[in-house]
Amino acid sequence: MTDPVPFLATARRVILQEADALTALSATLDANFADAVTLLLNAKGRVIVSGMGKSGHIARKIAATFASTGTPAHFVHPAEASHGDLGMMTRGDVVLVLSNSGETPELADLVAYTRRFGIPMIGVASRAESTLIQQADVGITLPQLGEACGRGIVPTISTTMTLALGDALAIALMEHRAFTPENFRDFHPGGKLGAQLSKVADLMHRDDAIPLVRVDTPMSDVLLVITQKGFGVAAVLGEDDRLVGIVTDGDLRRHMQGLLDHTAGEVMTANPTTVSPHALAEEAVNIMNSRKITCLFALDPANPGKVTGILHIHDCLRAGIV
């Protein structure tokens with residue numbers, strides 16, 4: 001059996017080297033980083049991110065992170081740019097170009113295009129004297145720390161620093177714009193992340209599906225409504241059509257003696273726990289778990305007491321929230 005010790009030693013060495021590199025990068029950031037953020041914030045168009053080879057892969061990820069956090073962005077391949085894709089860039093855009101050496105030949109046409117048409121460019125490279133940094137409106141220089149392979153030929157430390165720098169730019173932009181989880185969900189409707197950021201309004205049942213009765217409704221009719229709607233509860237409305245209580249299975253058991261001789265108002269639990277339709281569904285789940293209940297009625301914040309929907313714990317389970 002292969003001895004795992006050398007492999008683990010290599011792994012730990014690489015990870016520690018990259019962690020040290022990130023610490024060094026953080027220490028070297030200066031006013032140029034702030035200038036880059038300002039340039040990106042002031043973009044009237046989109047952020048164009050470009051790079052060749054491994055830098056290109058990092059550039060794609062940075063563009064995707066920008067786009068998902070409120071900064072419109074897309075990746076342009078520098079080689080394709082020389083064959084027509086330069087048309088994807090226009091005045092009002094800002095270009096973010098990544099190159100460890102700052103001398104990548106395939107970037108020449110893209111850089112020249114930004115200079116010709118006055119498109120602001122941010123350059124990221126490891127050499128302050130490189131062509132890319134010298135041509136850029138704002139240059140961010142990465143620390144020269146070699147690569148984890150020890151021979152300076154496998155992009156590892158340099159790409160990790162570039163990726164982290166892209167994340168730092170994206171988060172700085174996001175925080176300045178006060179980008180909220182609700183905004184984030186607009187760009188991430190699918191998958192577990194989208195489920196976690198779903199609002200009550202996205203999952204709740206509306207209109208005729210809501211079990212509604214009035215305070216003077218006989219309990220025989222209340223039982224029919226509860227059975228027909230299938231939630232095990234009924235919302236009780238007062239004379240002004242505002243929620244005043246809720247009839248649950250527990251209420252039925254507590255009033256079992258002579259139940260059919262009562263009205264909804266006599267059996268109900270007053271002032272039930274409710275939720276806003278604008279609240280995150282995950283918050284509603286937390287409420288239901290803490291209260292040991294299975295349903296919540298959603299009330300219209302603009303019309304206090306007005307029932308707009310009902311959310312069952314099973315709706316959240318189906319959406320993958322619980």
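**Notebook: a helix pair, the cysteines and one loop residue**

I began with two helices and noted that H2 passes H7 in a right-handed crossing. I keep in mind throughout that this is a predicted model.

For the geometry of the pair, I looked up helix H2, residues 31–41, against helix H7, residues 157–176, and found that they pack at an angle of about 55° with their axes 10 Å apart. I therefore entered H2 and H7 as oblique to each other, since angles that are neither roughly parallel, roughly antiparallel nor roughly perpendicular count as oblique.

Next I listed the residues that meet: H2 brings Phe 33, Ala 36, Val 37, Leu 40 and Leu 41, while H7 brings Leu 165, Ala 168, Leu 169, Ala 172, Leu 173 and His 176. Sorting this contact by class, I have ten nonpolar residues, one polar residue and no charged ones.

I then turned to the cysteines and recorded zero disulfides in the structure. For Cys 316, the closest cysteine sulfur belongs to Cys 295 and lies 10.0 Å away, which is too far for a bond, because a disulfide needs the sulfur atoms within 2.5 Å. I also noted that Cys 316 is buried, its relative accessible area being 0%, whereas Cys 149 has 33% relative accessibility and so counts as partly exposed.

Last, I looked at Leu 280, which I placed in the loop between strand S10 (274–275) and helix H14 (281–291). Leu 280 has 18% relative accessibility and therefore counts as buried, the cut-off being under 20%. I also checked Leu 280 against Lys 199, and although they are 81 residues apart along the chain, their C-alpha atoms are separated by 4.2 Å.

Terms used. Residues are numbered from 1 along each chain as its sequence is written. This is a predicted model: local features need pLDDT of at least 70, side-chain atom pairs count only at pLDDT 80 or more; totals for chains, interfaces and linings use all residues. Side-chain values use heavy atoms; hydrogens and water are left out. Axes are lines fitted to C-alpha atoms, for helices over the stretch in contact, and angles run from 0 to 180 degrees between N-to-C directions. Helices (H or I, at least four residues) and strands (E, at least two) are DSSP runs, numbered from the N terminus. Angles under 35 degrees count as roughly parallel, over 145 as roughly antiparallel, 65 to 115 as roughly perpendicular and the rest as oblique. A crossing is left-handed if the near helix is turned anticlockwise from the far one by less than a right angle, and right-handed if clockwise. Contact means heavy atoms within 4.5 Å. Ala, Val, Leu, Ile, Met, Phe, Trp, Tyr, Cys and Pro count as nonpolar, Asp, Glu, Lys and Arg as charged, and the others, Gly among them, as polar. Buried means under 20% relative accessible area, exposed over 50%, partly exposed in between (1.4 Å probe, protein chains only).
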